[in-house]
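Please read these comments with the model open beside you, and take the points in order. They concern the packing of some helices and the empty spaces inside and at the surface of the protein.

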Amino acid sequence: MGILFDDAVIIRQSEKEEEPSVITVNCPDKTGLGSDLCRIILFFGLTLVRTDVSTDGKWCYIVFWVVGRPNTRWGLLKKRLMGACPSCSLASGMFFYSELQPPKPPDVFLLKFCCDDRRGLLHDVTEVLCELELTIKRVKVSTTPDGKVMDLFFITDTRELLHTKERKEDTYDHLKAVIGGSIISCEIEMVGPEITACSQGTSFLSDEVAEGMFNIEMLSKPQDDSNALKCPSITMDNSLSPSHTLVQIVCQDHKGLLYDVMRTLKDYNIQISYGRITTKGNTECEMDLFIMQADGKKIVDPSKQDALQSRLQMELSRPLRVSLISRGPDTELLVANPVELSGKGRPMVFYDITLALKMLDTPIFSAEIGRHTIGDREWEVYRVLLDEGDLRCVSKKKVEETVWKMLMSWKC
């Protein structure tokens with residue numbers, strides 16, 4: 001029987017606003033644990049300023065120094081981090097890692113509501129869903145000529161309670177509070193996988209759009225792209241450890257940086273035995289990571305080194321793709337991020353997109369989220385059709401720049 005001790009995750013909140021809070025995780029290890037923890041920290045909107053990782057392959061000890069927000073729900077954060085930690089068994093006074101069965105896919109629900117449209121509505125609804133821990137898997141938003149909106153959200157519930165009457169009513173109440181008296185109808189129902197698959201409709205990306213957003217050759221000159229980061233410095237060294245490869249990274253800091261590194265290593269089935277990540281000011285980050293392959297050996301094959309280095313270069317140069325495209329009289333905002341091999345996408349992307357557009361007072365005519373396989377990778381693609389009539393007061397460059405900075409957590 002798996003046991004997870006209460007002190008597996010300890011959070012020490014800072015007493016001064018300018019000082020970071022400290023999160024300590026002490027639990028059995030597994031490949032990809034760092035990625036899972038960083039994804040949760042990113043979901044809660046925390047900023048990482050330093051991280052120390054140490055593991056012997058069976059047990060790990062990770063310390064995160066984070067800057068929170070005034071409304072950070074620390075108790076809930078601890079609960080979610082505890083849920084990501086592997087459990088252990090106690091027998092004869094010794095700890096053993098408990099291999100758990102892969103979790104079953106969460107139930108998917110369709111949230112459907114109709115109301116009068118207004119500026120900022122989509123972000124306000126997205127914010128409520130995030131606060132309720134309802135994860136948006138798919139969304140289709142459309143506006144009718146008479147000023148009504150019909151929104152379809154395919155969501156999962158982190159708390160796994162949306163099948164209950166109480167949880168549904170609580171969701172209704174929160175939505176009605178933000179939508180107001182203009183709400184016409186609101187329904188939540190569980191749907192099967194066949195309905196979820198059909199929800200993407202006939203959405204597709206043209207070859208021209210795919211080439212512009214996903215062309216890997218563009219990564220050789222990221223400085224020429226306004227929506228790319230400075231090219232990171234990545235070096236690999238096998239001379240300092242008999243069993244580990246040292247990866248040293250110096251790169252431009254951005255929101256979700258550590259998650260981008262961790263998910264890449266997770267996809268390559270690579271484990272970090274020791275690591276130190278430090279941010280310098282608000283612009284640069286340095287990482288020293290001692291890593292090994294799943295077989296417990298260092299990476300000596302030059303082709304494997306080159307593949308990992310190239311992938312890290314790509315992920316840290318362009319963690320997300322942002323493009324504003326003219327489609328005749330219409331303007332479409334496209335944002336894409338890579339999906340982990342486990343099927344998880346980057347959290348809070350739709351929240352940041354809608355917040356940026358709300359700040360610009362730019363109305364949204366329609367929006368949808370879908371997944372596309374391009375090359376050998378799956379991407380989560382957000383498509384937002386902007387109201388061209390109200391876009392004249394804001395330049396397209398300003399829209400693209402503001403969305404990009406919001407996603408990177410830079411000042412807009």
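1. In this predicted model, helix H3 touches helix H4 through Leu-121, Asp-124, Val-125 and Val-128, and the residues of H4 that meet them are His-174, Leu-175, Val-178 and Ile-179. Sorted by class, the residues of this contact comprise six that are nonpolar, one that is polar and one that is charged.

2. The geometry of this pair deserves a careful look. Two packed helices are described by the angle between their axes and by the distance between the axes. For H3 (residues 121-131) and H4 (residues 165-179), the axes come within 10 Å and cross at roughly 150°, and because of this angle H3 is roughly antiparallel to H4. The crossing of H3 with H4 is right-handed.

3. H3 also packs against helix H9, with an angle of about 145° and with the two axes 9 Å apart. Here the crossing is left-handed. From H3 the contact takes Leu-122, His-123, Asp-124, Thr-126, Glu-127 and Cys-130, while H9 contributes Phe-350, Tyr-351, Thr-354, Leu-355 and Lys-358. The residues of the contact between H3 and H9 fall into five nonpolar, three polar and three charged.

4. How do H7 and H8 run relative to each other, roughly parallel or roughly antiparallel? The axes of H7 and helix H8 (residues 302-317) come within 10 Å and cross at roughly 150°, which means that H7 is roughly antiparallel to H8. The two helices make a right-handed crossing.

5. At the contact between H7 and H8, the residues supplied by H7 are Leu-257, Asp-260, Val-261, Arg-263, Thr-264 and Leu-265, and those supplied by H8 are Leu-308, Arg-311, Leu-312, Glu-315 and Leu-316. This set contains six nonpolar residues, one polar residue and four charged residues.

6. Turning to enclosed spaces, how many cavities of 30 Å³ or more does a search of the whole structure find? The search finds three, and the largest cavity has a volume of about 170 Å³. This largest cavity is lined by 17 residues, of which Gly-32, Leu-33, Gly-34, Met-262 and Ile-272 are the closest to its centre. Helix H1 (33-43), strand E3 (47-55), strand E4 (59-67), helix H7 (257-267) and strand E13 (271-280) are the elements that give two or more residues to this lining. By class, the lining of the largest cavity holds eight nonpolar, six polar and three charged residues.

7. The second largest pocket should be kept apart from the cavities just described. Its space amounts to about 970 Å³, and among the 39 residues that line the pocket, Thr-47, His-254, Lys-255, Met-408 and Ser-409 are the closest to its centre. The elements that each supply at least two residues to the lining of this pocket are H1, E3, H7, E13, strand E14 (284-292), helix H9 (349-359) and helix H10 (396-408). E3 gives the most, with five residues. The lining of the second largest pocket divides into 21 nonpolar, 11 polar and seven charged residues.

8. Finally, it may help to follow H7 through the model, since this helix has come up under several headings. H7 meets H8 through residues that include Leu-257 and Asp-260, H7 is one of the elements that give two or more residues to the lining of the largest cavity, and H7 likewise supplies at least two residues of the lining of the second largest pocket.

Methods: Residues numbered from 1 in each chain as written. Predicted model: local features only at pLDDT ≥ 70, side-chain atom pairs only at ≥ 80, totals over all residues. Heavy atoms only, no water. Axes fitted to C-alpha atoms, helices over the stretch in contact; angles between N-to-C directions. Helix = DSSP H or I, 4+ residues; strand = E, 2+ residues; numbered from the N terminus. Parallel < 35°, antiparallel > 145°, perpendicular 65-115°, else oblique. Left-handed = near helix turned anticlockwise from the far one by under 90°. Contact = heavy atoms within 4.5 Å. Nonpolar A, V, L, I, M, F, W, Y, C, P; charged D, E, K, R; others polar. 1 Å grid on protein atoms, 1.4 Å probe; cavity = no way out; pocket = protein on both sides within 12 Å on 5 of 7 lines; lining within 4 Å. Points joined across faces, edges and corners; volume = space filled by probe spheres on them.
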